[in-house]
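Please look through the structure below, with attention to how its helices are placed and to where the coordinates can be trusted.

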Amino acid sequence: MLNRILAIRMKKTLFFIIIAAVACLGISSGEASATLRLMAFNVRYNTPKDTGVLNWEVRKFAIQRFINEVRPDVVGVNEARAEMREDLLALLPDYEMIEIEGTGTGKGANAIIIYNPSTVRLLRNDWFFHSATPKKPSMCWDVTTKQWRGTVWGLFKEKATGKKFYYFCTHLCLGLQTCDLEGKLNSSLLNLDMMQEEAGEKAPVFLVGDMNATYLKDDERRWGLQPYYYWMKDARLTAPDTDDAITFNAFGKMQITRRHMLDYIFYRNADVLRFEVFNEPLWGVPYISDHYPVMVTVNL
């Protein structure tokens, strides 16, 4: 176990030495670049059904160790209920949080963003629900799972260079019925409209989260992701250093296939250097969540 942790740390150290060298070259030519680590992480809601090492009261300390080791600059978090948000802020005092007002219960729309204020500054933030009344707490369209769904976003400035970027965290609906597939597409179209309205065409924009879909050709849910492929890029597919691992694990309780590659980082107007999935049991528990975190290293 120790050897594996050391090997991963050595690999990361070498990678960031290379990135630092590239950044220095950019600065010497008068074009300073902002290198950031941006993450998407469905932390799995807290429920007494998860027992033993799968329970939130155990996993939260593993997540603390993970975040403190990896040190992402911004994290889009799914399924964080109110008490979980309090735990994350207490366990990760270096981070601050933005959230969707009025959420935090089992009703849903529990997307939050945590960020490191020593590396990025929050300039503006807002949120919306996935419905015809996006500024009011409301059910997600006419889908079979009667929950709220929502998106939270922030406009950030990277402190070292002053470069700005938008970061949206979303969580799309479940289900395979026609109404669910239509709901997923409606949510994605709403996300796209909001991103274009806020960010325009030239700003760096990131959209992260659990999409509850893949873009496989035989996955009927793929059309719910089509708006993102129209306007953005899939970091997994474009990063020169990438990872093909599946992101959902179900705590090892079911057979996992390529249809469980559910967590995404979409982007535009940035250079993605690396995409990685953190699927090794290195943080003291077999699983830190029923989803694996995904992260990109980017230059703005």
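**Confidence and helix packing**

Across the protein, pLDDT averages 92, and 89% of the residues score at least 70. In residues 1-8, however, pLDDT is below 50, and this stretch has 8 contacts in the model beyond near neighbours in sequence. A second such segment is residues 21-29, where pLDDT stays under 50 and the model has 4 contacts beyond four places in sequence. Where pLDDT is low, the predicted coordinates should not be read in detail. This model is a predicted one, and that caution applies to the two segments 1-8 and 21-29.

Helix α2 covers residues 56-70. Its 15 residues should span 21 Å at 1.5 Å a residue, and the end C-alpha atoms of α2 are 20 Å apart, which agrees. The buried residues of α2 are W56, R59, K60, A62, I63, F66, I67 and V70. Because these residues cover an arc of only 165 degrees around the axis, they lie on the same side of α2. The list includes R59 and K60 as well as I63, F66 and I67.

Both ends of α2 have a local feature to inspect. At the start of α2, a side-chain oxygen of N55 comes to within 2.9 Å of the backbone nitrogen of E57. Just after α2, R71 adopts a positive phi of about 60 degrees.

Next comes α3, residues 82-91, in which M84, R85, D87, L88 and L91 are buried. These residues cover an arc of only 160 degrees around the axis, so they sit on the same side of α3. The face turned away from that buried side carries E86 and A90, which are exposed. What do the buried residues of α3 pack against? Their partners are α2, the strand β3 (96-99) and the strand β4 (112-115).

Further along the chain is helix α4, residues 178-199, which contains L181. Is L181 buried, partly exposed or exposed? With a relative accessible area of 24%, L181 is partly exposed, because buried would require under 20%. Leaving aside neighbours within four places in sequence, L181 is in contact with G175, L176, E220 and R221. L181 can also be placed relative to A213: the two are 32 residues apart in sequence, and their C-alpha atoms are 9.8 Å apart in space.

Notes. Residues numbered from 1 in each chain as written. Predicted model: local features only at pLDDT ≥ 70, side-chain atom pairs only at ≥ 80, totals over all residues. Heavy atoms only, no water. Buried < 20%, exposed > 50% of the residue type's maximum accessible area, 1.4 Å probe, protein only. Helix = DSSP H or I, 4+ residues; strand = E, 2+ residues; numbered from the N terminus. Arc of directions from axis to C-beta. Contact = heavy atoms within 4.5 Å. pLDDT = per-residue confidence, 0-100. Expected span 1.5 Å × (residues − 1). Polar contact = N/O pair within 3.5 Å; in protein donor to acceptor, adjacent residues only side chain to side chain.
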